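Here's a quick briefing on a model for you to look over. Have the sequence and the structure open side by side as you read.

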Amino acid sequence: MNTTWNTLLRVLNEHGIVHLTLIDPDPQKQTPKNAAQIAKLAEQAGSNGIMVGGSTAFGIIDETLQLIKQQVKIPVILFPGNVSGLSRFADAVFFMSLLNSRNTYWITGVQTLGARYIKEFNLEPISMAYLIVDPGGTAGFVGDARLIPRDKPEIALGYALAAQYMGFSFVYLEAGSGADNAVPLPIVKTVSKYIDIPLAVGGGITTAEEAAAVAAAGADIIVQGTIVEKTLRKDGSKSLSQTIQAIRRAKMKQ
Ligand code: 1GP
């Protein structure tokens, strides 16, 4: 089946790693036109999909998605921070549950409110267990997360295995957008060693070396947002393409 999830799994099979570029459609951060330019350059650099979303996104998401869809062929996937992050103009949606939230709204509530729109908009839902690791950034604050301590890989593993047993398609370890430090490698190593579903890692991954280390530690999907926006403005797709080559090389060595 030619679904978005199957497309990503095929990339994973072929290259050992998937790279996703996150674009925050918040109008305070960029215009829909800029967002579409970033998406185009990210595709040229070899990124395998565009995630659109953010903890504070609201309002002009439809326009952003329509412009992005005009520019790229790679999948465009919603990463909604709330029901307002849904749009009929994407290919799929990460149907996420913030398992380590204190507030049931983020675990099953927002999903219940959004499910009908996903059906009506004919979006492909891809279930994701969302786990926020200290410091967690805006996502951790908004999502009222009991942040996974950075020195406790076993807690992350417990959540990740529980997610697998509950039937989630994949696990996403999030340190928070713009985090000073990405998810610690021992957490990535421990979780990836024991789970059988794909592991995504994001938040604060900046240099090619850092991304390669996260890939070598066992991540199947690497998500980058902030640094992509910064470097694409500076040098077009050059830095991002170097990062993507670095994560693929890291997997080839294994
Ligand atoms: C998305 O947090 C990631 O979930 C993106 O983080 O903006 O730090 O790359 P960055």
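In which sense do strands β4 and β5 pair, and over how many bridges? β4 (residues 92–98) runs parallel to β5, and the two pair over 7 bridges. Keep in mind that this is a predicted model, where local features need pLDDT of at least 70 and side-chain atom pairs count only at pLDDT 80 or more, while totals for chains, interfaces and linings use all residues. Residues are numbered from 1 along each chain as its sequence is written, and side-chain values use heavy atoms, leaving out hydrogens and water.

**Around β5**

- Helices (H or I, at least four residues) and strands (E, at least two) are DSSP runs, numbered from the N terminus; two strands pair if DSSP finds at least two bridges between them.
- Strand β5 (residues 124–132) has 8 of its 9 residues buried (under 20% relative accessible area, 1.4 Å probe, protein chains only), so it's largely enclosed by the rest of the structure.
- On the β4 side, Ser-97 has Ala-129 in β5 as its bridge partner.
- β5 also runs parallel to β6 (residues 170–174), with 5 bridges joining them; Met-128 has Phe-170 in β6 as its bridge partner.
- β4, helix α4 (residues 109–120) and β5 form a right-handed β-α-β unit: with the strands pointing away from the viewer, the path from the first strand over the helix to the second runs clockwise.

**Backbone oddities**

- Most residues other than glycine have a negative phi, and most peptide bonds are trans.
- Asn-122 isn't a glycine, yet its phi is positive, at about 60 degrees. Asn-122 sits in the loop between α4 and β5 and is exposed (over 50%), with a relative accessible area of 68%.
- Asp-144 has a positive phi too, near 50 degrees. Its loop is the one between α5 and α6 (153–166), and Asp-144 is partly exposed (between the 20% and 50% limits) at 31%.
- The peptide bond joining Asp-134 and Pro-135 is cis, with omega at about 10 degrees; Pro-135 is in the loop between β5 and α5 (137–142).

**The ligand**

- Residues surrounding the ligand (a heavy atom within 4 Å) include Leu-22, Phe-79, Glu-174 and Thr-226.
- Oxygen atoms of the ligand are 2.6 Å from a side-chain N or O atom of Tyr-172, and 2.7 Å from one of Ser-177. A backbone N or O atom of Gly-225 also lies 2.7 Å from a ligand oxygen.
- The protein covers 97% of the 300 Å² of accessible area that the ligand has on its own (Shrake-Rupley method, 1.4 Å probe).

Definitions and conventions
Polar contact = N/O pair within 3.5 Å; in protein donor to acceptor, adjacent residues only side chain to side chain.
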